[in-house]
Amino acid sequence: MSGADPRPDRLDDLLAARAVEGLSPAERDELAALLAAHPGTDADELDRAAAAIDLALAKDEALPALLRERLLADARLRIAPAQQTSAGRSGARFALAGWLAAAACLLLAAIAWWPGGPAGRGATGADVEAFARAHADTVRAAWGDFNDLATGAPPEFPGVKGEVVWSDSAQRGFMRLTGLPASARDPGSGELADVYQLWIVDGTRGLGQRISGAIFANDAASGELIIPIEPRLRVNAAAVFAVTVERPGGVWVSDMSRRVCLAAVGG
Amino acid sequence: MTSSILQRVALGDPGAPAECIDRYGGLVWSLARRLSPGPADAEDATQEIFLDVWRSAARFDPAVASEATFIATIARRRLIDRRRSAQRHQGTRPIEDHAAIANDPPAVERGEEAAAAARALAQLPPEQQRVIQLSIHAGLSHEQIVRATGLPLGTVKTHIRRGLMRVRDSLSSRPSLAAGGRP
């Protein structure tokens, strides 16, 4: 269990405290020093003991179905990017770890993945135009900076251009984006540190109820990105589209603190 | 050789994450519900826990711990970190709730490690069992346990440490789990 010196009680005290209620920064430093002095110590054994006790006492609760979908969405973004396919874009290769996701969210409503479909992966500018021709009610809205509505503060990523092409009757559409910075990745693990999320404001519901229309990442620093939009919840009359930066997997309700771009229909 | 779910996650098996979520999602959710101040926090915590699981899957060693213990260890660490950083755990549930939890019979269907832990717990004096349950299962802080039981702080800490070490010894004495390792 220990090196040349006997394992001190203080080391067990700290390991036990960490296993049940965590340590202060000073205690963490102290523990690190003790572990360094006793390299034979299994630093995780009391954590595992606590987990085993919890397993012995706990009873499973059913995982909510919507949360399960959210976890799956996270997993698809995180796991085995080498096995996943690239998504369509014109001008530059777009790799969202191979997955294009669309989620639908209306306050407490569902977030669900959209695996593709006719307008899914590999969408091009020609696909967008064909879609627009096929749906008479198609609207187009140009992206502009998503400034803070109260203070007018500029967005985190200003200058994104392009447009939204959307059909209420089809309940789907596309985003075309240029100038969108590549998604941040953790320098150590290479995993996505955040994602972009599209929100749709339904003019019949009001600003407070935003429907999530897509969750996506951008691995290329330049070129046009074409992202399909297919919310699972019905949009009666799309009025505003907004892109924010959110944590991997997206969020159910955004605080809109990390704003990117906004497009207003008829604006 | 049949790989475990976590080993298949680490290898990039596209079906493994869903299988992992379906098998252990209820466990993680129950831990998150119990050790989080509210449902929204529990949802966020569950999401973070599974992200930790995906990151750590390659380090899973079935010779060290079962998948359930490995995942529960990851979950507890994340939940403890969240609780400390939020500094809002105290007072989220009345002590009476914990008394009810402490009276629940041990669930030994979680595998050999959980059964070994339950047996080790059962051998502890009742007072120590209660302190362990309040600490680990109910998630009370040392100070909260002092208020709930009237025991001195030093006694509470000693009960927890010795109880954990007793369970550790019961786990490490099992031949298949004698090696060290970390999630």
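Good morning. In chain A, five strands form an open sheet, and their order is β3-β10-β9-β6-β7, with antiparallel pairing. I should say at once that this is a predicted model. Two strands of chain A, β3 (144–145) and β7 (210–216), stand at the edges of the sheet. Each of them has a single partner strand, so one side of each is left without a neighbour in the sheet. As general background, strands of a sheet pair through backbone hydrogen bonds, in either a parallel or an antiparallel manner.

Let us look at one of these edges. Strand β3(A) is joined by 2 bridges to β10 of chain A, residues 259–264, and the two run antiparallel. Within β10(A), A:Leu262 is the bridge partner of A:Gly144.

I turn now to chain B. Helix α2 (residues 16–35) and helix α3 (residues 39–56) of chain B have axes that come within 10 Å and cross at roughly 135 degrees. That angle makes α2(B) oblique to α3(B). The crossing is right-handed. On the side of α2(B), the residues in contact include B:Tyr24, B:Val28 and B:Trp29; on the side of α3(B), they include B:Ile49, B:Phe50 and B:Val53. Sorted by class, this contact between α2(B) and α3(B) has 14 nonpolar, 2 polar and 2 charged residues.

Finally, consider a single residue, B:Gln128, in helix α7 (residues 126–137) of chain B. Is B:Gln128 buried or exposed? Its relative accessibility is 8%, and the limit for buried is under 20%, so B:Gln128 counts as buried. Leaving aside residues up to four places away in sequence, B:Gln128 touches B:His159, B:Arg162 and B:Gly163. Thank you for your attention.

Definitions and conventions:
Residues are numbered from 1 along each chain as its sequence is written. Chains are lettered from A and ligands numbered from 1 in the order in which they are written. This is a predicted model: local features need pLDDT of at least 70, side-chain atom pairs count only at pLDDT 80 or more; totals for chains, interfaces and linings use all residues. Side-chain values use heavy atoms; hydrogens and water are left out. Two strands pair if DSSP finds at least two bridges between them. Helices (H or I, at least four residues) and strands (E, at least two) are DSSP runs, numbered from the N terminus. Axes are lines fitted to C-alpha atoms, for helices over the stretch in contact, and angles run from 0 to 180 degrees between N-to-C directions. Angles under 35 degrees count as roughly parallel, over 145 as roughly antiparallel, 65 to 115 as roughly perpendicular and the rest as oblique. A crossing is left-handed if the near helix is turned anticlockwise from the far one by less than a right angle, and right-handed if clockwise. Contact means heavy atoms within 4.5 Å. Ala, Val, Leu, Ile, Met, Phe, Trp, Tyr, Cys and Pro count as nonpolar, Asp, Glu, Lys and Arg as charged, and the others, Gly among them, as polar. Buried means under 20% relative accessible area, exposed over 50%, partly exposed in between (1.4 Å probe, protein chains only).
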